[in-house]
Amino acid sequence: MEPYSAIVVALLVAGFDVWMLATIPVQPAAILVAASTVSYVAWLATTYRHPVRSRRIVALYLCCVAFQLVHMAEEYTGGFPHEVVELFSSPRGWSERDFLLTFVFGFGALWCLAGAGALFQVRVANYMLWFYALGAGLINAISHFVFPVLSGWEYFPGLYTATGHLILSVALIVLLVREYRQVRAAAVA
């Protein structure tokens with residue numbers, strides 16, 4: 001087992017976490033830090049050792065990425081960064097420009113590259129599959145159901161597409177775990 005991918009991803013996750021905590025309001029940064037950490041643990045326990053082989057998983061993942069772009073369009077048009085700053089009375093601002101550059105374009109490129117990498121069983125790409133499934137999908141969806149409660153039961157940008165995230169991310173997690181169990185069972189047999 002090569003250790004380099006795990007070390008590289010650990011360093012990237014640590015750098016990403018520090019960067020998020022230093023640049024965006026603490027509450028969404030904390031969500032991303034939790035997501036990146038939980039995703040790292042899930043990746044190490046599963047597809048790090050046995051990278052995804054199923055094109056079905058990659059196809060579902062790419063559908064998730066497409067849906068993520070639709071979700072971020074809802075967030076952008078609803079003023080998500082501004083609303084988060086207001087919701088948490090954050091002293092740190094968050095512009096729509098920074099949101100677009102980081103989350104739509106930056107992550108959009110990474111999500112697409114991870115899909116291509118997963119086709120070739122690249123371990124680092126498999127981390128990104130988990131980061132989408134647990135972070136951008138599951139934890140993000142749950143957060144979008146909590147934000148309206150915190151804001152006094154008002155619409156919060158991203159709420160309408162949160163259910164789609166929840167469904168797609170759960171489906172992706174199920175497929176990732178199912179394939180991991182099948183590959184592990186075949187390796188033991």
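Biologist: Is Pro91 buried or exposed in this model?

Modeller: The model is a predicted one. Pro91 lies in the loop between H4 and helix H5 (96-119). Residues over 50% relative accessible area count as exposed. Since Pro91 has 85% relative accessibility, the class of Pro91 is exposed.

Biologist: How far apart are the C-alpha atoms of Pro91 and Ala66?

Modeller: Along the chain, Pro91 and Ala66 are 25 residues apart. In space, the separation of their C-alpha atoms is 33 Å.

Biologist: Is Val85 buried or exposed?

Modeller: Val85 belongs to helix H4, which covers residues 80-87. Beyond four places in sequence, Val85 touches Pro25, Ser90, Arg92, Gly93 and Trp94. The limit for a buried residue is under 20% relative accessible area. Because the value for Val85 is 16%, Val85 is buried.

Biologist: What is the C-alpha to C-alpha distance between Val85 and Gln27?

Modeller: In sequence, Val85 and Gln27 are 58 residues apart. Their distance in space, taken from C-alpha to C-alpha, is 9.1 Å.

Biologist: Which side chain makes a polar contact with the side chain of His165?

Modeller: His165 is part of helix H7 (residues 159-188), and its relative accessibility of 0% makes it buried. Leaving out residues up to four places away in sequence, His165 touches Phe67, Gln68, His71, Tyr132, Ala136, Gly137, Asn140 and Ala141. The polar contact, at 2.9 Å, is with the side chain of Gln68.

Biologist: Where is Gln68 found, and is Gln68 buried or exposed?

Modeller: Gln68 is located in helix H3 (residues 55-78). Beyond four places in sequence, the contacts of Gln68 are Trp111, Tyr132, Ala136, Asn140 and His165. Because its relative accessibility is 6%, Gln68 in H3 is classed as buried.

Biologist: How are H3 and H6 oriented to each other?

Modeller: H3 and H6 pack with their axes 11 Å apart, at an angle of about 40 degrees. Angles under 35 degrees would count as roughly parallel. The orientation of H3 and H6 is therefore oblique.

Biologist: How many nonpolar, polar and charged residues does the contact of H3 with H6 have?

Modeller: On the H3 side, the residues are Ile57, Tyr61, Cys64, Gln68, His71 and Glu75. They meet Met128, Leu129, Tyr132, Ala136, Asn140 and His144 in H6. By class, the contact of H3 with H6 comprises 7 nonpolar, 4 polar and 1 charged.

Biologist: What is the handedness of the crossing of H3 and H6, and what is that of H2 and H6?

Modeller: The crossing of H3 and H6 is left-handed. For H2 and H6, the crossing is right-handed.

Biologist: Why are H2 and H6 described as oblique to each other?

Modeller: Helix H2 (residues 26-45) and helix H6 (residues 123-150) have axes 8 Å apart. Their packing angle is about 140 degrees. Only angles over 145 degrees count as roughly antiparallel. H2 and H6 are therefore oblique.

Biologist: How do the residues of the contact of H2 with H6 divide by class?

Modeller: From H2, the participants include Ile31, Leu32, Ala35 and Trp43. Those from H6 include Arg123, Tyr127, Trp130 and Phe147. The residues of this contact divide into 14 nonpolar, 5 polar and 1 charged.

Biologist: How are H1 and H2 oriented to each other?

Modeller: Helix H1 (residues 4-23) packs with H2 at an angle of about 170 degrees, with 9 Å between the axes. Angles over 145 degrees count as roughly antiparallel. The arrangement of H1 and H2 is therefore roughly antiparallel.

Biologist: How many nonpolar, polar and charged residues are in the contact of H1 with H2?

Modeller: Among the residues of H1 in this contact are Ser5, Val9, Phe16 and Asp17. Those of H2 include Ala29, Val33, Tyr40 and Leu44. The residues of the contact of H1 with H2 divide into 14 nonpolar, 3 polar and 1 charged.

Biologist: What value does phi of Gln121 have?

Modeller: Gln121 sits in the loop between H5 and H6. With 34% relative accessible area, Gln121 is partly exposed. Gln121 is a residue other than glycine, yet phi is positive, near 55 degrees.

Biologist: Is Trp153 buried or exposed?

Modeller: Trp153 is placed in the loop between H6 and H7. Although Trp153 is not a glycine, its phi is positive, about 65 degrees. Because the relative accessible area of Trp153 is 70%, Trp153 is exposed.

Key
Residues are numbered from 1 along each chain as its sequence is written. This is a predicted model: local features need pLDDT of at least 70, side-chain atom pairs count only at pLDDT 80 or more; totals for chains, interfaces and linings use all residues. Side-chain values use heavy atoms; hydrogens and water are left out. Helices (H or I, at least four residues) and strands (E, at least two) are DSSP runs, numbered from the N terminus. Buried means under 20% relative accessible area, exposed over 50%, partly exposed in between (1.4 Å probe, protein chains only). Contact means heavy atoms within 4.5 Å. Axes are lines fitted to C-alpha atoms, for helices over the stretch in contact, and angles run from 0 to 180 degrees between N-to-C directions. Angles under 35 degrees count as roughly parallel, over 145 as roughly antiparallel, 65 to 115 as roughly perpendicular and the rest as oblique. A crossing is left-handed if the near helix is turned anticlockwise from the far one by less than a right angle, and right-handed if clockwise. Ala, Val, Leu, Ile, Met, Phe, Trp, Tyr, Cys and Pro count as nonpolar, Asp, Glu, Lys and Arg as charged, and the others, Gly among them, as polar. A polar contact is a pair of N or O atoms within 3.5 Å; within protein, one must be able to donate a hydrogen and the other to accept it, and residues adjacent in sequence count only if both atoms are side-chain atoms.
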